[in-house]
There are 2 protein chains.
Amino acid sequence: MAVVEFQPVGLRVEVAEGTTVLDAARLAGSDLGRWGIRATCGGQAWCGQCRVEVLAGRVSGAGEKELEMLARLGARDGYRLACRARVLGDVRVGLQPVHSGLRLQVAGTFNPPAPEPAVAPAAFELSPPEVGDRLGDADRLLQALGRVGCDLEVLRGTTDFLRRQGYRGRAVTRRGEIIALRPEGAPLLGLAVDLGTTKLAAYLADLETGELLRAGARLNPQLAYGEDVVARLGYASASGENYARIRGAAVEAVNELAAGLCAEAGCGPEDVHDAVVGGNTAMHHLLLGLDVSQLGWAPYVPSVAGPVDVKARDLGLKLGTGTYVHLLPCVAGYVGGDHVAVLLATDLAAHGGVALAVDVGTNTEIALAKDGAVTCTSCASGPAFEGGHISRGMRAVAGAIDRVWLEGDQIRYSVVEGGEPAGFCGAAVIDLVAALLQAGLVDRSGRLVKGRPGVEEGSEGLQVSLGGVPLTQGDIRQLQLAKAAVRTGVEALLATTGTGPEEVDRVYVAGAFGVAIDPGNAAAIGMFPRLPGATYVPVGNAAGVGAYLALVSESKRLEAARLARAAGYVELTVHPGYQELFLSCLGFPGGA
Amino acid sequence: MAVVEFQPVGLRVEVAEGTTVLDAARLAGSDLGRWGIRATCGGQAWCGQCRVEVLAGRVSGAGEKELEMLARLGARDGYRLACRARVLGDVRVGLQPVHSGLRLQVAGTFNPPAPEPAVAPAAFELSPPEVGDRLGDADRLLQALGRVGCDLEVLRGTTDFLRRQGYRGRAVTRRGEIIALRPEGAPLLGLAVDLGTTKLAAYLADLETGELLRAGARLNPQLAYGEDVVARLGYASASGENYARIRGAAVEAVNELAAGLCAEAGCGPEDVHDAVVGGNTAMHHLLLGLDVSQLGWAPYVPSVAGPVDVKARDLGLKLGTGTYVHLLPCVAGYVGGDHVAVLLATDLAAHGGVALAVDVGTNTEIALAKDGAVTCTSCASGPAFEGGHISRGMRAVAGAIDRVWLEGDQIRYSVVEGGEPAGFCGAAVIDLVAALLQAGLVDRSGRLVKGRPGVEEGSEGLQVSLGGVPLTQGDIRQLQLAKAAVRTGVEALLATTGTGPEEVDRVYVAGAFGVAIDPGNAAAIGMFPRLPGATYVPVGNAAGVGAYLALVSESKRLEAARLARAAGYVELTVHPGYQELFLSCLGFPGGA
């Protein structure tokens, strides 16, 4: 038997070796069209509509007919026809693009700050050199612009540029350095990147107006080397080749994303003169090419946590000639630049009262702001909130049960884009367990109550089902572990800062999960303590928004550095009474 | 027929196609051993002692026996056995190393300045990180050292370094940046490079003491792509591949030279934390990878003339982790960083009276200092002073006539390392013509006087011979053109600065030629005006010395920048009356 995992859907199915990927996909969901897979030709390899990307694992080789079709489709390496590829072991398959579904969540609401970019355009017009002139082309340019240095690649192109452009054009400068020479009228663009474990989101900005021109996202192709951070660090640490491969995958994806956004905006990557990247500490380290093996072991220290500015080309990123990339600072080994971006986007430190910011994921980062001071922590919540480790868990894409609620004693649910449900997304698991608790089908210890209507015996013990999709006793245990981890983090922050739950007046919930989650149900399962005075505010992709703010405004970038430096940090594993606290958070709360 | 040119000897011989390189070499000089060529086996390809490097042109392919021998000798690509390689057209051959001979002239006398390097060592000892520590490894290092940034490659190695070295070591910093991490006790070395058209000289310094540890030189392998600057610019401009090849040749040669010097000093290139390069504008541009085609055309402007600091690795130089290379500034398209280095080494601007500094070569740079102000010019003196364009001209290596003088009415001469003469070096041509003038064998217009004893009819007209080596009427014409060019430059500088020849109290003559030249004879042929109050001071490889000074002392580096910026520049081609001046300098002076 072999496990086939579909991304970004997140579903896994077990099939016999030799099964085609198409048949495995059929097992995972009855309506494949919603995930971008069709088989008009009935599996004859002539429609090409079942094309998938084999991200990891072994499948049978492609025959001549399939190769011909793939060539006709212009498919990149690694793409296969699902009707032809037979699984030869555990396999991870990418359904990409997912035409409908995966909330790539590039959006987030924010007030654009006044543009205050780190780079500046400067129009220039030089008189052509004459015999006896001593200054070189670049010297005259530097003199005219009052700058002291010139990027080496700019220097290499200066003479040719001036002669072609009639000694006039637009220079882009950063501090004392000329980082690009462009024709008159060329745009001044910037790129903000939210480098997530699962998805990469990118934002193209006009740095002169601060205007967001385009936004887009794609799966992080590092999924091929491990679904979560820990798996990827293990892969990357195993050899230099592995490291280069996993690093290269992210770099290439950012390049493609940037090129795509630029093309849509009618310009090119050479117009991108500044970039900001926010990612968790592992993504940040992998992009920079830093040692990562130490991130997997106590004391979990980063190679570098402070802000880093490097030339894009030194990372392999194809942007403007001498463009720098600013990597947002990290707070600690497991609180990265993505979380600093969330702090920036929510302006958390400026909150008057007490506010929490929660970025839920495999690792959940939580910040508490009180009197202008921010304290952070990170908890290993595991993949349950993203549908992982749940037997029929999946991401919030087409076919996922995304909401569950009680109508009287009836459990109701909705499915993303309708149709037959294929699995549960994380938020729906919370909804469902809250409903089961309320209906008395689950007790406070988390046990399904045998004999209650709807509680049935499944192959793995007790379970309940919605539309034929089971949620097992084991799944409820997974949820308990995940919510206990988050609750422990919140409690530790409250205790460390001497804050009572009633003082919290706002909870920002970031990410796709933040939009999906029902705060009442989250409270009902005890993921958060009772916060009677709190308003829940979903903030969308706050990590992306924060990176964008730091891109268009240098003040915001400095603020991010200050925030990261000033933030307090609670390391849960050494927090007094951590074990007891965690165990006490495992059960469900009693009463409302 | 084909011309075979031997480097660094500089001799050319014409042979029939199909002649072996060994036979061609025999034609060029009767005693080949002095140029490092032996043929113990009599041309049977089993002694390997006639190994040469084919720098340019086509020779016959190597057979199995020769390939075997070359492999046994560990010969690099391009090396051949002279007894086996038959010339198939014009060929340039390198006799390398020249065991005896070529005055690579790495030495120069100077007072070492107080060491004041641009980089500083800093010992550190950190406590190992503990759980709950938020700062990354590099953050703690930066904090401990009070620095603000870290080279990307240093960053990539920091975590591993600290763990291997027990959190202690020696950091190398430059301004606010950490550019290397080394074990405790590692040396702090610097490299100065004199990037000459013909030779590369390198100097390894202990930057903490200022002490010169090692010096060495080798031929510039760019000789394969043209003997002089103009030929190389033409080659480099023809295609990107050509450019990469000619650039790569210099980079590789500097890397080899640096590695060799380091090995001799018992350390490695990774110990070299700073570097300074001085070269003429063309060498400078080719090393940086700048456009060069414009250097060949009026107005001959450099791409950049000001000082440039770049990471060594961005140029392909293999030195310390984040080592910078400082390229000495150029004054103009034909007055480069090598000449600025001469100004620095001679401390010309500080000279109290009026001084000239002359760096004789294919292009001769001349500077005049008066009242602390320096004015430079450059004249196209051609290769005659280096033995080029003289029928039996050669460099001052073994076998060259290097001195000629009159004893009564007898012309005497000396040969480098004795033995039969093979040709004249440039200084000897000056000596000989001065002697011929004094003896009345040449008249003031430069004509050999028919009928005078010793003036004979050769295959190319009148000539005189020393030890069977002829100097022809044409050779004398070449010398006239060369000395007139220099004289024109000196006259233009005197005129521009309103200086009388009698005011000049010192003439620094740089380079191998400066050591070899007889000032009296140079004056006798009118290469310089009569400078009755002047002392001639040969300053050896002042370009190398200047680069060395700028390496060990940052004040000297700043001074070089000031010198280059402040220097006046006379462009001869637009100097008033240039043509008439040049023509008036062609003849020889009358009387003593």
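This report describes how chains A and B of a predicted model are arranged, and then turns to one helix of chain B.

**Symmetry of the two chains**

Chain B is superposed on chain A by a rotation of 180° with 0.0 Å of shift along its axis, the RMSD being 0.1 Å. This is the relation of a two-fold axis. The residue of chain B that comes closest to the rotation axis is B:Asp314, whose C-alpha lies at 4.9 Å.

**The contact between the chains**

Chain B and chain A each bring 38 residues to the contact. On the side of chain B that touches chain A, the elements giving two or more residues are α3 (137-145) and α4 (152-164) of chain B. Of the elements there, α4(B) gives the most, with 6 residues. The table divides the residues of this side of chain B by character.

| Character of residues, chain B side | Number |
|---|---|
| Nonpolar | 19 residues |
| Polar | 9 residues |
| Charged | 10 residues |

Of the interface residues of chain B, 100% are also interface residues in chain A, so the copies meet through the same surface.

**Helix α7 of chain B**

Helix α7 of chain B covers residues 281-288, and 8 of its 8 residues are buried, so this helix is largely enclosed by the rest of the structure. The buried residues of α7(B) are B:Thr281, B:Ala282, B:Met283, B:His284, B:His285, B:Leu286, B:Leu287 and B:Leu288. Just after α7(B) comes B:Gly289, which takes a positive phi of about 85°.

Methods. Residues are numbered from 1 along each chain as its sequence is written. Chains are lettered from A and ligands numbered from 1 in the order in which they are written. This is a predicted model: local features need pLDDT of at least 70, side-chain atom pairs count only at pLDDT 80 or more; totals for chains, interfaces and linings use all residues. Copies are superposed by least squares on the C-alpha atoms of residues with pLDDT of at least 70 in both. Two residues are in contact if their C-beta atoms, placed from the backbone, lie within 7 Å. A residue is buried if 20 or more other C-beta atoms lie within 10 Å of its own, exposed if 12 or fewer, and partly exposed in between; C-beta atoms are placed from the backbone. Helices (H or I, at least four residues) and strands (E, at least two) are DSSP runs, numbered from the N terminus. Ala, Val, Leu, Ile, Met, Phe, Trp, Tyr, Cys and Pro count as nonpolar, Asp, Glu, Lys and Arg as charged, and the others, Gly among them, as polar.
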